[in-house]
Amino acid sequence: MKANFKYNIFWLAVMIIGFVAIDACEFLGIINAFIENMLVTIGINIILATGLNLIIGFSGQFSLGHAGFMAIGAYATGIMTQTIATPLGFYLSMVVGIVIAMIAALIVGIPTLRLRGDYLAIATMGAAEIIRILINNLKITNGAAGLFNIPPLVTWATVYVLMCLTTIVTVNFIHSRNGRAIMSVREDEIAAEAMGINPTRWKLAAFVFGAGTAAIGGSLHAAYIQTIAPGDFNIMASIAILIIVVLGGVGSITGTFVAAIVLGALDTILQNFGTLRMIIYSLALILIMIFKPSGLLGNWELSFKRLGTHQRKEQSIHE
Amino acid sequence: MSSPLLTAQQIVKNFGGLTAVANVSVHFDQNELIGLIGPNGAGKTTLFNLLTGVTPVTSGAISLYTDQGVQSLNGKRPAEIAQAGLSRTFQNIRLFKELSVLDNVRIAMTNHYQEGFLASIFRVPKFYRTEADMTLAAQKLLAIFDLTSVADQPAKNLPYGIQRRLEIVRALATKPKLLFLDEPAAGMNPEETADLTRLIRQVQHDFHITIVLIEHDMSLVMNVVERLYVLEHGALLAEGTPNEIQHNPAVIKAYLGDEA
């Protein structure tokens, strides 16, 4: 119990130090608007990719529809904050977005999660397209033109705090009885079922949870960028999140963080190269996939708990 | 005679035109060790799959006798049947390979511990208590079967014999009333088989459960079981004690063919 407390305090300290560091750089003028934009994009991508990693890496279900749930969050915020343009209105809209996204995930998940592999990927991709086309044709969402002048209710600090919160919630969820049940379904569905675990239920739990985090990312995106259009949430947006997950390592939250930061930085640095940018970016992806097919970190996870016991473990493996 | 635990009456399974299991009636009693033998393709594993709900029966009734009365298992999903107290191992080992030995066992305990979604997310003290309880129970079980030293290793790293043992431990972690073992000695050397024989006896003795065993290794079967069912071509050929079965002409014929 005491060790757990120490461990939690340690992580809290890491998060506070990160916050203070960014704040100091901002104050000293090291971070300009351009860099800040990059940091916020990275933060939002981490939120989105962590949720998708839960679905792909931990429950083993290949979903290509993450941008659909992100769109629900974004539009909930875009529409609601135009009438209630206060921070409270923003958080309210975020909650509404999460709830709608989760309900949508339930409706999509119950029939599609019976499918496996490629079929599930296609079905979730279709579901995301349905969401996008609905948004494209509704009056309230202003159709294909999208929404603009969304009140800027989000700063980098909001994104940072929410990034920390969603990560904590996701990691806590994974490292629990529920998370283990989800991973057992990924490992062997038939065996999990024979152990009394209902695979459909746990796959659905992961899927719905992931959709909720996608909605958070969407809300932040809408309030920070201030303009959204249905085209922002097409299949390419889903794939962009997928790239972060696969590149960082399927089943590694640490990897998701690293990949989101590396790709975000790479994207910003390569802006100077004009059109060459897309070639270098693609090349980097191909090289990583050739030399590290399991992603940058595989399923390795940063853990302060483990550092102490590492030595002992190494020995027992060599015995 | 002891009271019955699970009965299957006239169960039939057709795969298209093929009858894999035809009109088989079996009963497994409390705290009994039963063997299920037969030539390859006799329908032994299919019978296991029918009883554990992996494949639904075409017709027939499966009933479980519990303290609350008789419960029909027809049409239930495997997870529900597992929760009702039937656990199993698999012919081709199905462990959660990437997960640690400890996690393999803790996963099997999922249904015996309540841990709310919110409790796990907000890490309330109750969460740590439940986790500690679960871990302790799993470690105890691992200690009984001499697996403590490998508790932190991924299941895939274990040697074959140990993987088989872990699968039995995992099945026991669900607190079953009835344990199905599907060819536990397959691919084992004589020494490992002898270990397994001791293990099966120990499990039945310590956990007071019914064990049903599919096995081709006759040294193991004849050694441990109290009663045997012999299947051939999906039908029940004989039933009796090991001694009776060894001298049953129909069984000898099924295994060795007609006397010339």
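Visitor: Which residue stands opposite B:Ala8 in E4(B)?

Guide: In this predicted model, the residue facing B:Ala8 is B:Ile62. The strands behind that match are E1 (residues 4-15) and E4 (residues 59-66) of chain B, which pair in the antiparallel sense.

Visitor: What makes E1 and E4 of chain B a pair?

Guide: The bridge count does. Two strands pair if DSSP finds at least two bridges between them, and E1 and E4 of chain B have 5 bridges. E4(B) also joins E5(B), through 4 bridges, and those two strands run antiparallel. One of the matches there sets B:Leu64 opposite B:Gln71 in E5(B). E4(B) and E5(B) form a hairpin, with 2 residues between them.

Visitor: Why are E2 and E5 of chain B said to stand at the edges?

Guide: Start with the order of this open sheet of 4 strands, E2-E1-E4-E5 (chain B), where the pairing is antiparallel. Strand E2 (18-29) and strand E5 (69-72) of chain B have a single partner strand each, so one side of each is left without a neighbour in the sheet. On average, neighbouring strands here are turned by 20 degrees against each other, direction ignored.

Visitor: Which helix lies across E1, E2 and E4 of chain B?

Guide: That's helix H1 (residues 44-51) of chain B, which runs at about 65 degrees to E2(B).

Visitor: What makes the pairing of the sheet E6-E7-E8-E3-E9-E10 (chain B) worth a look?

Guide: This open sheet of 6 strands has mixed pairing. One of its pairs is parallel: strand E3 (residues 33-37) with strand E9 (residues 227-232) of chain B, over 4 bridges. B:Ile37 stands opposite B:Val230 in E9(B). At the edges you'll find strand E6 (86-88) and strand E10 (235-240) of chain B; each has a single partner strand, so one side of each lacks a neighbour in the sheet. From one strand to the next, the twist averages 20 degrees.

Visitor: Why is chain B called as compact as a globular protein of its length?

Guide: Set the value against the rule: the radius of gyration of chain B is 19 Å, and the globule rule gives 18 Å for 260 residues. Those are close, so chain B is as compact as a globular protein of that length. Its C-alpha trace spans about 70 × 40 × 40 Å along the principal axes. Of the 260 residues, 40% count as buried.

Visitor: Why does B:Pro78 count as buried?

Guide: The cut-off is 20 or more other C-beta atoms within 10 Å. B:Pro78 has 24 C-beta neighbours inside 10 Å, so this proline counts as buried. B:Pro78 is found in helix H2 (residues 78-84) of chain B. Beyond its neighbours within four places in sequence, B:Pro78 is in contact with A:Glu193, A:Ala194, B:Thr52, B:Gly53 and B:Val54.

Visitor: Which helices of chain A each supply at least two residues of the side that touches chain B?

Guide: For the whole interface, 23 residues of chain A are in contact with 30 residues of chain B. Helix H6 (156-174), helix H7 (177-187) and helix H8 (189-194) of chain A each supply at least two residues of that side of chain A. The largest share, 7 residues, comes from H7(A). By class, that side of chain A has 10 nonpolar, 7 polar and 6 charged residues.

Visitor: How do you know whether A:Val185 is buried or exposed?

Guide: The same kind of count settles it: 20 or more is the mark for buried, and A:Val185 has 26 C-beta neighbours inside 10 Å, so this valine counts as buried. A:Val185 lies in helix H7 of chain A. Residues touched by A:Val185 include A:Ser59, A:Gly60, A:Trp202 and A:Lys203. A:Gly60 is 125 residues away in sequence, yet the C-alpha atoms of A:Val185 and A:Gly60 are 7.7 Å apart.

Visitor: What makes H6(A) roughly parallel or roughly antiparallel to H9(A)?

Guide: The axes of H6(A) and helix H9 (residues 199-225) of chain A cross at roughly 175 degrees and come within 11 Å. Angles over 145 count as roughly antiparallel, so that is what H6(A) is to H9(A). Among the residues that meet are A:Val159 and A:Phe173 from H6(A), and A:Phe209 and A:Tyr224 from H9(A). The residues of this contact divide into 7 nonpolar, 3 polar and no charged.

Definitions and conventions:
Residues are numbered from 1 along each chain as its sequence is written. Chains are lettered from A and ligands numbered from 1 in the order in which they are written. This is a predicted model: local features need pLDDT of at least 70, side-chain atom pairs count only at pLDDT 80 or more; totals for chains, interfaces and linings use all residues. Axes are lines fitted to C-alpha atoms, for helices over the stretch in contact, and angles run from 0 to 180 degrees between N-to-C directions. Two residues are in contact if their C-beta atoms, placed from the backbone, lie within 7 Å. Ala, Val, Leu, Ile, Met, Phe, Trp, Tyr, Cys and Pro count as nonpolar, Asp, Glu, Lys and Arg as charged, and the others, Gly among them, as polar. The radius of gyration is taken over C-alpha atoms; the globule rule is 2.2 Å times the number of residues to the power 0.38. A residue is buried if 20 or more other C-beta atoms lie within 10 Å of its own, exposed if 12 or fewer, and partly exposed in between; C-beta atoms are placed from the backbone. Angles under 35 degrees count as roughly parallel, over 145 as roughly antiparallel, 65 to 115 as roughly perpendicular and the rest as oblique.
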